[in-house]
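Got a minute to walk through this one with me? I'll ask, you look, and we'll work out each answer together.

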Amino acid sequence: MPELIEKLSFYLDFPFVRYAIIVGVLVSLCSSLLGVTLVLKRYSYIGDGLSHVAFGALAIASVLKFSNNMFLILPVTAAVAVLLLCTGKNTRIKGDAAIAMVSVGALAIGYLLMNIFSTSANISGDVCTTLFGSTSILTLKAEEVYLCIVLSCLVLLTFALFYHKIFAITFDENFARATGVNTNLFNLLIAVIVAIIIVLAMNLVGALLASALVVFPALSAMRVFKSFFSVTVAAATLSVVCSLVGILIAILAGTPVGSTIVAADIVAFGLFYSAGLIRNGGN
Amino acid sequence: MNETTPLIKCRQLTLGYGSKDLVRDLDYEVNVGDYLCIIGQNGSGKTTFLRGLAGLLSPKSGNIELCEGLKRSEIGFLPQMNVVQKDFPASVEEIVLSAFQGKFRLLPLYGRAQRDRAMECMALTRTESLRKSCFRELSGGQKQRVLLARALCAADRLLLLDEPVTGLDPESTETMYHVIKDLHQQGMTIVMVTHDVEDGLDDATRVLNFDQISVKGK
């Protein structure tokens, strides 16, 4: 055990490990907050679709040789999020079909572009890194960390400010609209926040796993807790704990960061699921 | 109370989805102090009309005018329960308080006045004891009463009810009608869509029948 702590403090001396932990905590905190809303509005799949879009955008950004990929990825993902979330009801192509189309489309185009305009010798390695975030979190630059901190604070602040509005819209959008809440505006806001969260989460766990950070903590917390507030707090706490545990295990055991975090989330879901069963069974 | 003051005026109102019109060229007025029941077969357009009044559906032609300075934030609405709510982790208190979101623009917190009003509404609908309970664990009748409490919190002048007693047992139904009647006597204008032509119309002052689009006064 002392050996392990020594090894850990040795690693913590490296700035990139500290960066990884800061980004990990912030991203997992943000991503868990809107999880409840997305899960309950039956939008779980949107997170997944958006992460594929972000992958496509990333491919385009690297082909165009952008200095900072974020400036392309973020607006593109946000635009698609707005399209998917805000036009969901009255379109000819139904919501889930639209998401499926956009998501696989972006994935295919992204991979195609990366292959045609390849700049590196190891394409499959690059693609794998983007999709599963195998090492990207440990190669973060200081400016990327700052951007992540700014975006996370923005998400947290917006969520805190509009917490009750988001609750009202999630629980009953019709009622909210009928009683004077500008639901279109807040749906738009939710869409943009989701896009930011997905792009942030992509840094941490990679494009394919980003939606796991959104969905798992919320689903786990919903098994056990009974009010919206307690579910939100529990999901946020759980998400941060799982990410920390995941990052530390990944560093110590040399496993890929993204999938280790998601594995931790899955284990937590199992525990909460059992706890929920026991609790309900006891009644 | 014999003179009638319109609260909502519908002029040449046409409502519908896609190419289908469910309400056509309707001229109608909801007056201050009405207890209006809307009846008709399934698909006759009664819920569509209520959604129009609630501002959830824009008119295809004609218009709906809110009179007497009535604002959306003064209208309470009891919609039919949706799928999302069946599995929703929220306490009764959180749901009832969410009624105030239309009233203030940016304040993120609820004040004393709102909490007191929420307690009053829960008392009126006999849901006080459920305050800390989880919504998804309540019975159908309890859920409906909680949603009515929320509608009351939002309703300052007008209450729109979409089939408030569907799926309730006789006892809950009676409680529901009793609560609505009390509210009406305290001066609230009520518009209710209902299937229950046996007991639902007992307290109504006016009936709008979508099967005949005939308007009867009482």
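Q: What is the mean pLDDT of chain A?
A: Keep in mind that this is a predicted model. In chain A, 91% of the residues reach a pLDDT of 70 or more. The mean pLDDT for chain A comes out at 84.

Q: Which element of chain A has the lowest mean pLDDT?
A: Let's take both ends of the range. Helix H13 (residues 228-253) of chain A has the highest mean pLDDT, 92. At the other end, with a mean of 71, sits helix H7 (residues 123-132) of chain A.

Q: How does the radius of gyration of chain B sit with the globule rule?
A: Chain B has six helices and nine strands. For its 218 residues the globule rule gives 17 Å, and the chain's own radius of gyration is close to that, so chain B is as compact as a globular protein of that length. The C-alpha atoms fill a box of roughly 45 × 40 × 40 Å along the principal axes. The radius of gyration itself is 17 Å.

Q: What share of the contacts in chain B with a separation of 6 or more comes from residues 24 or more positions apart?
A: For a bit of background, 40% of the 218 residues of chain B count as buried. Now take the contacts in chain B with a separation of 6 or more and pick out those between residues 24 or more positions apart. Their share is 73%.

Q: Which strands are the edges of the open sheet E2-E1-E4 in chain B?
A: The three strands run in the order E2-E1-E4, with antiparallel pairing. An edge strand pairs on one side only, and that applies to strand E2 (20-31) and strand E4 (61-66) of chain B. The twist from one strand to the next averages 15°. So far as edges go, the names are E2(B) and E4(B).

Q: What angle does helix H1 of chain B make with E1(B)?
A: Strand E1 (residues 6-17) of chain B pairs with E4(B) in the antiparallel sense over five bridges, and B:Thr14 stands opposite B:Ser61 in E4(B). Helix H1 (residues 46-53) packs on this sheet and touches E1, E2 and E4 of chain B. Its direction makes an angle with that of E1(B) of about 125°.

Q: Is B:Leu160 buried or exposed?
A: You'll find B:Leu160 in strand E6 (residues 158-162) of chain B. Its contacts beyond four places in sequence include B:Leu50, B:Ile75, B:Phe77 and B:Val191. A residue needs 20 or more C-beta neighbours within 10 Å to pass the cut-off. B:Leu160 has 27 of them, so the verdict is buried.

Q: How many residues of strand E7 of chain B are buried?
A: Check one side of E7(B) and you get B:Thr189, B:Val191 and B:Val193, all buried. Flip to the other side and B:Ile190 and B:Met192 are buried too. For strand E7 (residues 189-193) of chain B, the count is five of five.

Q: What is the bridge partner of B:Leu36 in E7(B)?
A: E7(B) pairs in the parallel sense with E6(B) over five bridges, where B:Leu158 stands opposite B:Thr189. Strand E3 (residues 35-39) of chain B also pairs with E7(B) in the parallel sense, over four bridges. In that strand E7(B), B:Leu36 has as its partner B:Val191.

Q: How many nonpolar residues are on the side of chain B that touches chain A?
A: The contact takes 25 residues from chain B and 26 from chain A. Strand E5 (75-78), helix H2 (83-86) and helix H3 (92-97) of chain B each supply at least two residues of that side of chain B. By class, there are eight polar and three charged residues, and the nonpolar ones number 14.

Technical notes:
Residues numbered from 1 in each chain as written. Chains lettered and ligands numbered in written order. Predicted model: local features only at pLDDT ≥ 70, side-chain atom pairs only at ≥ 80, totals over all residues. pLDDT = per-residue confidence, 0-100. Buried ≥ 20, exposed ≤ 12 C-beta atoms within 10 Å, placed from the backbone. Contact = placed C-beta atoms within 7 Å. Rg over C-alpha atoms; globule rule 2.2 N^0.38 Å. Pairing = 2+ DSSP bridges. Axes fitted to C-alpha atoms, helices over the stretch in contact; angles between N-to-C directions. Nonpolar A, V, L, I, M, F, W, Y, C, P; charged D, E, K, R; others polar.
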